[in-house]
Amino acid sequence: RQTYEYDPDIHVSAYAATNSEEWFCETFMHYLKYSGRLPRQWRRTPIARQWQLIRDLSRTLGNFGNAG
């Protein structure tokens, strides 16, 4: 399992740098914590792209039950 050096412009927390699974879980937890609204300090960082990935995924999953 690969670990990454913590970078506050890339990781929402130091724990998110632990591995890719924790990166996703921590980013998703923050997404829920902030009700999907990206905090200002992350708007011009790679975290904004990660946030968009989670937003797109949640919309896709939300529409999954309406597909048929």
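How many positive and negative side chains does the protein have, and how far apart do the centres of the two sets lie? There are 9 positive and 7 negative side chains, with the centres of the two sets 13 Å apart; Lys and Arg count as positive and Asp and Glu as negative, while His and the chain ends are not counted, and the place of a charge is taken as NZ of Lys, CZ of Arg, CG of Asp or CD of Glu.

This is a predicted model, in which local features need pLDDT of at least 70 and side-chain atom pairs count only at pLDDT 80 or more, whereas totals for chains, interfaces and linings use all residues. Residues are numbered from 1 along each chain as its sequence is written, and side-chain values use heavy atoms, with hydrogens and water left out.

Begin with the whole protein shown as a cartoon, where the secondary structure comes to two helices and zero strands; helices (H or I, at least four residues) and strands (E, at least two) are DSSP runs, numbered from the N terminus. The C-alpha trace spans about 45 × 30 × 15 Å along its principal axes, and 29% of the 68 residues count as buried, a term that means under 20% relative accessible area, with exposed over 50% and partly exposed in between (1.4 Å probe, protein chains only).

Next select Ser 13, which lies in the segment before helix H1 (20-33) and counts as buried because its relative accessibility is 14%. Leaving aside residues up to four places away in sequence, Ser 13 touches Tyr 6 and Glu 26, where contact means heavy atoms within 4.5 Å. A polar atom of the Ser 13 side chain also lies 3.1 Å from the backbone nitrogen of Ala 16.

Now turn to the rings, since the structure holds five aromatic pairs. One of them is formed by Phe 24 and Phe 28, which are stacked, at 6.1 Å centre to centre and 5° between the planes; rings of Phe, Tyr and Trp (its six-membered ring) pair if their centres lie within 6.5 Å, and planes under 30 degrees apart count as stacked, over 60 as edge-to-face and the rest as tilted. Both residues lie in helix H1, four residues apart, about one turn of the helix, and Phe 24 is partly exposed at 28%, as is Phe 28 at 32%.

Then select Trp 42 and Trp 51, a tilted pair with 5.9 Å centre to centre and 50° between the planes. Trp 42 is buried, with a relative accessible area of 7%, and Trp 51 counts as buried at 1%. Finally, add Tyr 31 and Tyr 34 to the selection, as ring pairs link these two with Trp 42 and Trp 51 into a cluster.

Methods
A polar contact is a pair of N or O atoms within 3.5 Å; within protein, one must be able to donate a hydrogen and the other to accept it, and residues adjacent in sequence count only if both atoms are side-chain atoms.
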